[in-house]
Amino acid sequence: MSDMNEIELDTKAFLVSETDEKGIIRFANDEFCKYAGYSLDELLGKPHSIVRHPDMPRAAFKDLWDTIKKGERWRGFVKNRAKDGRYYWVFATVYPFISCDGSKGYISCRRKISQMEKEKYEALYKEMRAKE
Ligand SMILES: Cc1cc2nc3c(=O)[nH]c(=O)nc-3n(C[C@H](O)[C@H](O)[C@H](O)COP(=O)(O)O)c2cc1C
């Protein structure tokens with residue numbers, strides 16, 4: 001089933017972004033910018049919630065932050081909102097790291113998910129949102 005509001009990721013797409021300790025964007029690769037619909041300049045210095053989709057349950061991001069603040073890796077399914085209001089699903093892996101200047105930060109790497117995974121998480125997150 002195709003949805004006009006969905007942006008389908010390319011099978012080989014690899015979207016990367018980096019934030020500081022507070023989730024402020026410090027870097028995004030070309031593919032991140034392309035799918036999100038923002039130029040790099042528009043993203044730098046902005047909170048990562050710039051691509052937050054209202055369908056995402058709060059608990060998902062609480063889990064993300066609780067995990068990475070402990071210094072652990074977080075992996076999960078995320079529905080993001082592009083600048084034009086459309087959405088795109090990703091499977092994200094977020095890592096804590098220390099950059100070359102010694103400051104702490106986080107990196108997220110994202111890839112395409114399957115139709116079955118989209119349907120599963122669309123339904124699960126809807127249920128979670130309804131209970132918020
Ligand atoms: C490295 C990194 C990448 C992130 N990527 C996303 C993302 O792609 N989409 C998103 O909605 N939130 C992402 N977040 C989480 C946001 O910082 C934020 O917690 C989330 O959007 C919820 O926004 P809110 O806390 O203002 O409600 C990321 C956080 C980090 C540290």
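Start at the far end of the chain: select Glu132, and, setting aside neighbours within four places in sequence, you'll find it in contact with Pro57 and Arg58. Keep in mind as you click around that this is a predicted model.

**Stop 1: the end of the chain**

Glu132 sits in the segment after α4. Is Glu132 buried or exposed? Count the C-beta atoms inside 10 Å and you get 7 neighbours, so Glu132 counts as exposed. Now draw a distance from its C-alpha to that of Arg58: the two residues are 74 apart along the chain, yet the gap is 8.0 Å.

Next, step back to Arg129, which lies in helix α4 (residues 115-130). Arg129 has 14 C-beta neighbours inside 10 Å, so this one counts as partly exposed. Which residues does Arg129 touch, leaving aside those within four places in sequence? Light up Asp55 and Pro57. The C-alpha of Asp55 is 7.1 Å from that of Arg129, with their positions 74 residues apart along the chain.

**Stop 2: the sheet**

Switch to cartoon and colour the strands. You're looking at an open sheet of five, in the order β2-β1-β5-β4-β3, with antiparallel pairing. The edges belong to β2 (25-28) and β3 (74-81); each has a single partner strand, so one side of each has no neighbour in the sheet. Going from one strand to the next, the twist averages 30 degrees.

Now select helix α3 (residues 58-69), which packs on the sheet and touches β3, β4 (87-98) and β5 (104-111). Its direction makes about 140 degrees with that of β3. Want a quick sanity check on the helix? At 1.5 Å a residue, the 12 residues of α3 should span 16 Å, and the C-alpha atoms at its ends are 17 Å apart, which agrees. Just after α3, click Gly71 for a positive phi of about 90 degrees.

**Stop 3: along β1**

Zoom in on β1, residues 15-20, and turn on side chains. In a regular strand, side chains alternate between the two faces of the sheet. Which residues of β1 point to the buried face? Leu15, Ser17 and Thr19 do, and they are buried; Val16, Glu18 and Asp20 point to the other face and are not.

Look to either side of the strand. Three bridges join β1 to β2, and the two run antiparallel. Thr19 stands opposite Ile25 in β2, and Glu18 stands opposite Phe27. Follow the chain round the hairpin of β1 and β2, where four residues lie between the strands, and pick out Gly23, with its positive phi near 90 degrees. Over on the β5 side, six bridges make the antiparallel connection to β1. One residue to select there is Ser108, the bridge partner of Ser17.

**Stop 4: around the ligand**

Finish by centring on the ligand. There are 16 residues around it, and those that come nearest are Gly23, Ser49, Arg52, Tyr106 and Ser108. Two of these you've already clicked: Gly23 from the hairpin and Ser108 opposite Ser17. The elements giving two or more residues to this shell are β1, α3, β3 and β5. Which element gives the most? Select β5, which supplies three residues. Finally, colour the shell by class: eight residues are nonpolar, seven polar and one charged.

Terms used: Residues are numbered from 1 along each chain as its sequence is written. This is a predicted model: local features need pLDDT of at least 70, side-chain atom pairs count only at pLDDT 80 or more; totals for chains, interfaces and linings use all residues. Two strands pair if DSSP finds at least two bridges between them. Axes are lines fitted to C-alpha atoms, for helices over the stretch in contact, and angles run from 0 to 180 degrees between N-to-C directions. Two residues are in contact if their C-beta atoms, placed from the backbone, lie within 7 Å. A residue is buried if 20 or more other C-beta atoms lie within 10 Å of its own, exposed if 12 or fewer, and partly exposed in between; C-beta atoms are placed from the backbone. A residue is near a molecule or strand if its C-beta atom, placed from the backbone, lies within 6 Å of it. Ala, Val, Leu, Ile, Met, Phe, Trp, Tyr, Cys and Pro count as nonpolar, Asp, Glu, Lys and Arg as charged, and the others, Gly among them, as polar. The expected span of a helix is 1.5 Å times one less than its number of residues.
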